[in-house]
Amino acid sequence: MANKVLRKVTHCIFDMDGLLLDTERIYEEVYRQIAASFGRPFSDAVRFQVMGCTEQRSAEITISQCQLPITQTDFLKRYTKMCHERLNHVPLLEGAERLLRHLHANKVPFALATSSGADMVELKTTDHQELFSLFNHKVCGSTDKEVANGKPAPDIFLVAAGRFPIPPDASNCLVFEDSPNGVTAANSAGMQVVMVPDERLSPEKSSHATQVLRSLEDFKPEQFGLPPFQN
């Protein structure tokens, strides 16, 4: 991928699953088990299609693509039950805590913009409540009435930007994402986006990101006009 011009930013917006929290492998297991209960496979292609989508849209895609004989309501009941059994003790991903604490210490405003519902966010952050309290605010796409359309639509990032005490221009926001749908949403919102993709994702699926990194540990804030790490 050709080098892209990196612009100075003032605010940051973070996705959560697969970026800050190591939850994507658990979600994949849940989807795979639901599909398998009907004798259906759950392919990597479908997995990447649902990544970043709201819970409702993910159910719709999975039912359609895997040809499951189940309603969306019944799918989500199974999904919610299985998630509650698995998602209450999830670890942080590499570089996440360091970056969040660095931005907070340097008074850089940052928000969460996740497609999960508010109840799921509470569950997944059980072991990290103090860290997640550092966010200026959280936008939970599956339950927030102001988010009319989920990723890859730009709504969630525009709502997140609009809720800062002094709302910045979209061009002054830097989004952190792991999914192609999330990157598309950030681009559509007029924001730069740093992507930390799943290692199985083909390079062309991340080519629309402003910058692609192996992990948040590799992020250099000064490249976007933010205060550099001191260690």
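The following questions and answers concern a predicted model, taken one feature after another.

Reader: Which elements do the buried residues of helix H8 pack against?

Author: Helix H8 spans residues 155-162 and is mostly covered, with six of its eight residues buried. Those buried residues are Asp155, Ile156, Phe157, Val159, Ala160 and Ala161. Their packing partners are strand E1 (11-14), strand E2 (110-114), strand E3 (138-140), strand E4 (173-177) and helix H9 (180-188).

Reader: How many disulfides does a search of the whole structure find, and why is Cys83 not bonded to its closest cysteine?

Author: A disulfide is counted when two cysteine sulfur atoms lie within 2.5 Å. The sulfur of Cys83 has its closest cysteine sulfur in Cys140, at 15 Å, and so the two are too far apart for a bond; Cys83 is moreover buried, at a relative accessible area of 0%. Seen from the other side, the closest cysteine sulfur to that of Cys140 is in Cys83, again at 15 Å and too far for a bond, and Cys140 is likewise buried, with a relative accessible area of 8%. The search of the whole structure finds a number of disulfides equal to zero.

Reader: Which helix gives the most to the largest nonpolar core?

Author: The largest nonpolar core holds 55 residues, and those with the most contacts inside it are Cys12, Phe14, Leu20, Phe75, Tyr79, Phe176 and Phe219. The element that gives the most to this core, with six residues, is helix H1 (residues 24-36).

Reader: What does Phe14 touch, once residues up to four places away in sequence are not counted?

Author: Phe14 is one of the residues with the most contacts inside the largest nonpolar core. With residues up to four places away in sequence not counted, the residues that Phe14 touches are Leu19, Leu20, Leu99, Leu100, Leu103, Phe110, Ala111, Leu112, Ala113, Phe135 and Phe176.

Reader: Is Ser215 buried or exposed, and which residue's backbone nitrogen does its side chain reach?

Author: Ser215 lies in the segment after strand E6 (211-212). Because its relative accessibility is 5%, and the limit for burial is under 20%, Ser215 counts as buried. Neighbours within four places in sequence aside, Ser215 is in contact with Glu94 and Val196. Its side chain reaches, at 3.1 Å, the backbone nitrogen of Glu217.

Reader: What space lies in the largest cavity, and which helix gives the largest share of its lining?

Author: The count of cavities of 30 Å³ or more comes to one, and the largest cavity holds about 200 Å³ of space. It is lined by 20 residues, of which Asp17, Glu24, Tyr27, Gly52 and Cys53 are the closest to its centre. At least two residues of this lining come from each of H1, helix H2 (44-50) and helix H3 (55-65). The largest share, three residues, is supplied by H1.

Reader: What volume does the largest pocket have, and which element gives the largest share of its lining?

Author: The volume of the largest pocket is about 470 Å³. Among its 23 lining residues, those closest to the centre are Gly18, Leu93, Pro197, Asp198 and Glu199. The elements that give two or more residues to the lining of this pocket are H1 and H2, and the largest share, three residues, belongs to H1.

Reader: Where does the residue that a cis peptide bond joins to Lys151 lie?

Author: The cis peptide bond joins Lys151 and Pro152, with omega at about 20°. The place of Pro152 in the chain is the loop between E3 and H8.

Reader: Is Gln67, which has a positive phi although it is not a glycine, buried or exposed?

Author: Phi of Gln67 is positive, at about 55°, although Gln67 is not a glycine. Gln67 lies in the loop between H3 and helix H4 (72-86). Because its relative accessible area is 55%, and the limit for exposure is over 50%, Gln67 is exposed.

Reader: What is the relative accessible area of Lys107, another residue whose phi has a positive value?

Author: Lys107 is a residue other than glycine, and its phi is near 60°. Lys107 lies in the loop between helix H5 (96-105) and E2. Lys107 is exposed, and its relative accessible area is 72%.

Notes:
Residues numbered from 1 in each chain as written. Predicted model: local features only at pLDDT ≥ 70, side-chain atom pairs only at ≥ 80, totals over all residues. Heavy atoms only, no water. Buried < 20%, exposed > 50% of the residue type's maximum accessible area, 1.4 Å probe, protein only. Helix = DSSP H or I, 4+ residues; strand = E, 2+ residues; numbered from the N terminus. Contact = heavy atoms within 4.5 Å. Core = buried A, V, L, I, M, F, W, Y, C linked by side-chain atoms within 4.5 Å. Polar contact = N/O pair within 3.5 Å; in protein donor to acceptor, adjacent residues only side chain to side chain. 1 Å grid on protein atoms, 1.4 Å probe; cavity = no way out; pocket = protein on both sides within 12 Å on 5 of 7 lines; lining within 4 Å. Points joined across faces, edges and corners; volume = space filled by probe spheres on them.
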